[in-house]
Amino acid sequence: MSYTVDRLNQFVAYALTLDGDEKGEAQVFCDRLFKAFGHEGYKEAGAVLEYRIKKASSKGTSFADLIWKPRVLIEMKRRGEKLHLHLNQAFQYWLNAVPNRPRYVVLCNFDEFWIYDFDRQLDEPVDIVRVEELSKRYTALNFLFADNQEPLFGNDREEVSRGAAKLTAELFRRLIGRSPKKAIPRDQAQRFVLQLVIAMFAEDIDLIPSGMVSAIVRDCLEHKQSSYDLFGGLFAQMNNPVPATGGRYAGVPYFNGGLFSKIDPVELNEGDLELIGGETGVAKKDWSKVNPAIFGTLFQQSMDASVQHQHGRHYTSEADILRVVGPTIVAPWRERIDSAPTMKELLKLRKELQAFRVLDPACGSGNFLYVAFRELARLDIRIMTRLQERFSAKEFARQVKTLNVIRPKQFFGLDNDPFGVELAKVTLMLAKKLVYDEALKAFSTDEEGGKGNEELDFGDDPTLPLDNMDQNIRLADALFDEWPAADAIVGNPPFQSKNKIQGELSPAYLRKLRLAYPDIDGRADFCVYWLRRANAVLKDGQRAGFVATNTIRQNYSRESGLDHIVASGTITEAVSSMIWPGTAVVHVSIVNWVKGSESGLKRLYNQDGNDPATGWRYTDLDRLPASLSFAHDVTKARKIDVNARKGGCYQGQTHGHKGFLLEKSSAKAIIRDDKSYAKILRPFLTSDDLVGRKGGKPSRYVIDFSGLDMLQAKAFEKVFPRIQTMVLPDRQKAAQRETDRNKEVLKDAPATKVNLHHANFLSKWWRMSYERADMMKELRKRPRYIACGRVTKRPIFEFVSSNINPNDALTVFAHDDDYSFGILQSDVHWEWFTERCSTMKSDPRYTSNTVFDTFPWPQSPSAEAVAGVAKAARNLRAGRRDLCDEHDMTFRELYRTLELPGSHPLKDLHAKLDKAVRVAYGMPKKGSGLPFILKLNDELAAAEAKGLKVQGPGVPAGLSGTIKVKSSDCISEP
């Protein structure tokens, strides 16, 4: 350890001899820093200097001073530079340093290391280490050691925030969870807890005398004074415009704000008081280090889980909020500020910034609004800094009278949860103080004296009284109530799919929704309504940005949402898909757009894997399509009638209740006793069976009474009682719930067409929910059919015996020839599938109407080409079966090995099939097949519109009898 300290001291001594020139000395500083942490140098460690990073606007290339992936990005600035001014630059570098994005970011001005972990907190560094103190504080930079030790930070605000949130939420639950006679009403408990939160913040950021909350608790515990009186008195004084001239509350200023308009004290018991002011109580936390993002966590933890789920609420990290606030608000303003040439223009921009209004129509606890507030305040600091750099101290002081022009009244929010509304008000009240302190720090006199900073006089701290936000943050239904006028709209609307909407919202509300938004497809996700309404209220040149479910880029949701947005505006930056880092098990898209046109390249991000660092990629395009696709925009592909008419693509059977499923051994035992049961006990293949079981054989049987009436089904005495006992009661309950919901709708609107989904199931309760009679009829005509997982990460198609029933987890193709198999298994079809499909989380989901019905088949393939595809398909199936047998693998395990680098026999087999398919199409041998297929789709749709005949799925007529296109291999069940 002494050797390490010696090396670090030598580095410090050397660093102090430098002039701090960013251009001339940054590289040698970084190299010596790496040597101090035990490396031979930066290059030997694997780091790179002057790492190229394309700007988000693609107007040129930036260079990060040093990147050591996936550890750290170091950005150097000249000695004396104010590092907080370069936070946005560092964040953008980090955002675009993919793949293998560094975990940490360090800003350094030769005197200080500002260390950031953007996945944890953005507002402040997790630590600041002065260069001269490095030998004592080096543990904050532990990640620079070769063995990548865990760093020890001194300003981890996330850790403090989570601890405070947990204790505060526990207090809230204690208050409402008392015995029935003593329980505090929910709204009263919420108000008390939020008033207490304001008080704890206030005493730690010097707005009320320090230690006041702990002193009240101590007097209650030790001197048996009443918490009802003492806390009630504190909160009343915080709402009193006349300050106390003496006594306990002397020095408590006037806070105002809607939160304190009603004082409804609570009598706390000993446990409550210990939780607030005990040795490890919430008041003992350093609330000056609590990030206002705490309120999002507090909001979630204090809500009932069922309420949170019903409203589709999920916590959003600051890094992800900036993926919206950055492109929609910060970037356009920064460009205007940095290009302003004169003081007059800068002062004009500052006046505009002061009037800039931001709306979050699903504001929750106000996290988006808080980040927007903070970033607008930093833009104001940016304007002030430019003014200060370019003009005399006297002129600067004369022109700039206000330290921070951004005010809470510029921010607006709507939400349908009362507690969320009050939390958002609190968040914005605190933002006013926090951003003022940041601006004060930026323009305070530094050790060098600063450029005239000592002459600046911005008057008294304007934080108090707190703004009354009752008119800005309102309890409302954003889909029906009026939206406040705003210049930018941001947010994270509820995450609810069409199915969840139907299950969790009342029929009356759904009817109201359909009537108010008739142009939105009823199958679209809930968040689409927010996108459409935001786009409708935007004026030309105004911007919006939302986090949404990743299905907004697919099918009905895309058609109802993003298609309309790109018709009247421009998507400026987006994330096609990313894993949501919160507790919600969802994948999301992020879309930012401007009403009207915008020149320049647009950036599209995507997270391909589960690793938040390595999975990211991005590209720059002239235009971002509504599909948020990196490849060619296939959203406008048209249905090919011959595909849809001829059919051949189906979703498997939906049994709808576990009572229909039998273990394989039980089913076979019944069939052995009575062979007539083979008619209604069928092997039932799932997607997991297909790819996850050796040989791909079905693991269960299904009771299939398809086409039978009740008396015919009842004759099968060995299984019918099972259905009657297990299925019938559940279907009766579901039908009754549906009837009750329908009565609610019909009461207000007797002519409304109501949903009879469960009533229909009850009418044939002994049969599966969806028997797919048309599909089963087609499958019985042939000895085998093609199947793939309906939701799948990998292109695995296989032949299945027609004696096996396909489960709805499979997509089924009623074709039994090797040529059709080859076309479907090819990379041409897979690429079309992944671009045209919907998704389940991040996995592609095969949808027949968007994928199969639009996919053009080869139009005039020669007999030789068809035979070549069929042969390559047979060889692929035989080869992969042999590989599975030889290495004792399932299909899933085998195909996972394709994701590893290097040669692979299965890769070769797929390559030969892909080559044969391209020959059949007459398309280029290499490159994406999308341009060719998209063009062919357009040509075939146009030809059909003219009444011309085109070639649909399957072997072209006249060829099947002349060449070998059929074999017999398939998954079978004896």
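This passage walks through a strand and its neighbours, a pair of crossing helices, and a few unusual backbone spots in a predicted model. Residues are numbered from 1 along each chain as its sequence is written. Local features need pLDDT of at least 70, side-chain atom pairs count only at pLDDT 80 or more, totals for chains, interfaces and linings use all residues, and side-chain values use heavy atoms, with hydrogens and water left out.

A good place to start is strand S4 (residues 104-108); helices (H or I, at least four residues) and strands (E, at least two) are DSSP runs, numbered from the N terminus. Five of the five residues in S4 are buried, where buried means under 20% relative accessible area, exposed over 50%, and partly exposed in between (1.4 Å probe, protein chains only). Tyr104, Val106 and Cys108 sit on one side and Val105 and Leu107 on the other, so to speak, with both faces covered.

S4 has partners as well, two strands counting as paired if DSSP finds at least two bridges between them. Strand S3 (residues 72-76) runs parallel to S4 and is joined to it by five bridges, with Leu73 partnered by Val105. Strand S5 (residues 112-116) runs antiparallel to S4, with four bridges, and here Val106 stands opposite Ile115. S4 and S5 form a hairpin with three residues between them, and Phe110 in that turn has a positive phi of about 75°.

S3, helix H4 (residues 87-96) and S4 together make a right-handed β-α-β unit (with the strands pointing away from the viewer, the path from the first strand over the helix to the second runs clockwise). The loop between H4 and S4 holds Pro99, and the peptide bond from Val98 to Pro99 is cis, with omega near -5°.

Elsewhere, helix H30 (residues 818-825) and helix H34 (residues 905-921) cross at roughly 105°, their axes coming within 9 Å. Axes are lines fitted to C-alpha atoms, for helices over the stretch in contact, and angles run from 0 to 180 degrees between N-to-C directions. Contact (heavy atoms within 4.5 Å) is made by Gly822, Ile823 and Gln825 of H30 and His910, Leu913, Val917 and Tyr921 of H34.

Two non-glycine residues also show positive phi: Asn148, at about 55°, and Leu628, near 50°. Asn148 is partly exposed, with a relative accessible area of 38%, whereas Leu628 is buried, at 1%.
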